[in-house]
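Q: I have a model open and want to learn to read it. Where do we begin?

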Amino acid sequence: MSECAATTTRIHRELPIFRLDKGDEVVLYTPGSARLTSRAMAFEVEQAFAGGPIPSLQARSMAAKLVCDGLAASHTWQDLTTSPFEPECLTLYLSNRCNLACTYCYSMPPDESRARARSRIRPEARANAVLPVLTKASFPVLSEEAIKAAARLVAGCCATKGKPLTLVLHGGGEPTMHWELLQRVWTTCSTIAHENGVSLWSYIATHGVLAEDRVRWLAGHFNLIGLSCDGPPAIQNENRPSAANTATSATVERTAQVLKSQAADYVIRSTITPEAVTRQTEILEYLCDRLSARTVRFEPVYDGRRTSGGQFQPKDADAFVSHFLKARTVAEERGCDLQLSGVHVNEIHGPFCNPLRQVLQLTPDGKASACFLSVGNDDVADNTMVMGRLDPITGTFLIDQERVALQRQQAAQIPAHCEECHNIYHCARDCPDICLLAGHSAPEASEGFRCRVQKLVARHEIFEMATITGRDAKLQDVELEVI
């Protein structure tokens with residue numbers, strides 16, 4: 001039976017406890033606990049929650065375990081949405097400058113000039129086309145004063161919690177375009193972490209089109225490197241050409257080879273467009289075989305005005321998940337972990353909003369933003385997301401805690417249709433396509449594309465989790481009998 005034919009029923013009024021049915025299989029689930037059981041046992045537990053007849057000892061034991069885990073999940077969610085904003089991660093968008101012209105770039109100018117220019121070029125003529133490129137002077141660069149002040153703030157919070165300072169270089173643009181600044185930032189944050197008695201854990205996201213000596217430097221300094229590649233040359237070169245519209249695939253392959261030779265820890269991020277849905281297995285095989293990937297993240301292309309070309313519709317979700325799960329099977333055979341960012345059943349989380357994730361993200365204009373899509377080039381959208389800025393007089397970075405509290409409250413809203421879903425406490429919902437902070441209304445009943453994708457993928461993972469739990473329990477019983 002397909003994942004689409006499975007059903008979910010919430011069986012506890014207050015706690016996130018669910019019954020999932022797929023054919024003859026029944027799972028009782030709450031975040032932290034997934035158990036395969038019989039229909040009769042599931043009915044007993046369900047009746048116990050509804051105040052029915054006194055169930056059997058086994059049913060009472062299972063119900064008690066579900067309640068315990070359900071309470072833990074609820075408390076974790078409550079802490080996530082109400083605890084003070086004391087950031088543990090500093091994410092820096094150095095600028096929006098980039099030497100690629102990806103077709104779906106979310107940091108393109110608000111008028112979408114780059115995307116429209118590319119879309120007007122006939123496919124057969126693209127090889128000789130030159131795309132418009134903004135000059136270096138067109139891009140503001142994040143000031144080192146703001147970086148230092150923000151790093152001190154985050155390091156102080158990390159010291160209080162006894163956690164490492166997490167540094168993330170992302171964008172927006174391509175961080176390695178500002179090479180000397182990038183090196184200084186790493187050294188500065190390392191020094192500030194040391195001064196506060198904490199370690200530094202660093203991550204950089206890069207398109208991989210850079211010189212070999214720079215790749216080696218990244219490998220020697222960053223704990224984890226995120227390398228963007230959309231798949232085989234035909235897909236990569238179409239989706240992610242250089243600003244001069246030349247191929248980038250060979251250079252990205254070389255970068256992956258250098259990272260492997262340096263024993264660097266890296267993950268591959270692939271944006272999946274509607275045109276590539278049926279090619280997910282092919283993409284995965286290429287990333288494993290040619291880029292030696294051991295961890296891969298597939299991300300459906302973002303919707304909205306900052307993307308060009310086709311966009312996913314709710315009706316596309318089932319096909320996406322079907323091909324994603326096939327690719328995941330191939331990944332497991334190759335010893336690779338294929339992930340989807342929107343849902344993690346082993347983690348309590350909500351949308352990608354920074355206030356919910358204890359992330360202080362600086363955009364190139366020096367402001368702190370609540371949204372990873374906010375890159376400082378859209379005054380109306382970015383001002384909605386502002387949550388702090390550098391005080392030029394004191395040199396400290398100030399957080400508007402009242403605004404952050406409001407943003408967190410907005411981000412943590414659980415739409416009505418999510419109350420009955422097994423993903424209630426571990427799903428990004430329709431973020432970033434639908435943004436509660438921006439005033440978008442959550443759909444009342446119908447599933448968005450991301451909503452359904454995450455629901456189906458999580459359902460598959462929950463049944464897998466329950467199967468593993470059941471197998472481990474049987475092994476434990478065998479060991480006890482032997483003893």
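**Reading the sheet and its helices**

A: This is a predicted model. Begin with a helix that crosses strands: helix 10 (residues 317-333) lies across strand 9, strand 10 (295-300) and strand 11. Helix 10 runs at about 155 degrees to strand 11.

Q: Which strands form the open sheet, and in what order?
A: First the general idea. Strands of a sheet pair through backbone hydrogen bonds, either parallel or antiparallel. Here, eleven strands form an open sheet. The order is 11-10-9-8-7-6-5-12-13-14-15, and the pairing is mixed.

Q: Which strands stand at the edges?
A: Look for a strand with a single partner. Strand 11 (337-340) and strand 15 (397-399) fit, so each has one side without a neighbour in the sheet. The partner of strand 15 is strand 14 (residues 386-390): the two run antiparallel and are joined by three bridges. In one of the pairs, Gly-388 has Ile-399 in strand 15 as its bridge partner.

Q: What does helix 8 touch on the sheet?
A: Helix 8 (residues 249-261) packs on the sheet and touches strand 8 (224-228) and strand 9 (266-272). Its direction makes about 160 degrees with that of strand 8.

Q: Now strand 2. Which strands pair with it?
A: Read the bridges on each side. Strand 1 (residues 7-10) pairs with strand 2 in the antiparallel sense, over four bridges. Strand 3 (residues 25-30) also pairs with strand 2 in the antiparallel sense, over five bridges. Take Leu-20 as a marker: Thr-8 stands opposite Leu-20, and in strand 3 the bridge partner of Leu-20 is Val-27.

Q: How many residues lie between strand 2 and strand 3?
A: Two, and the strands form a hairpin. Check the turn for a positive phi: Gly-23 has one of about 65 degrees.

Q: Why is strand 2 described as largely enclosed?
A: Count the buried residues, meaning those under 20% relative accessible area. In strand 2 (residues 18-22), five of the five are buried, so the rest of the structure largely encloses this strand. Then check each face. Phe-18, Leu-20 and Lys-22 are buried on one side, and Arg-19 and Asp-21 are buried on the other.

Q: Which residues of helix 1 are buried?
A: In helix 1 (residues 39-49), they are Met-41, Ala-42, Val-45 and Phe-49. These residues cover an arc of only 100 degrees around the axis, which puts them on the same side of helix 1.

Q: What covers them?
A: The cover includes strand 2, strand 3, strand 4 (33-37) and helix 2 (57-82).

Q: Where is the positive phi just after helix 1?
A: At Gly-51, with a value of about 85 degrees.

Note on methods. Residues numbered from 1 in each chain as written. Predicted model: local features only at pLDDT ≥ 70, side-chain atom pairs only at ≥ 80, totals over all residues. Heavy atoms only, no water. Buried < 20%, exposed > 50% of the residue type's maximum accessible area, 1.4 Å probe, protein only. Pairing = 2+ DSSP bridges. Arc of directions from axis to C-beta. Contact = heavy atoms within 4.5 Å. Axes fitted to C-alpha atoms, helices over the stretch in contact; angles between N-to-C directions.
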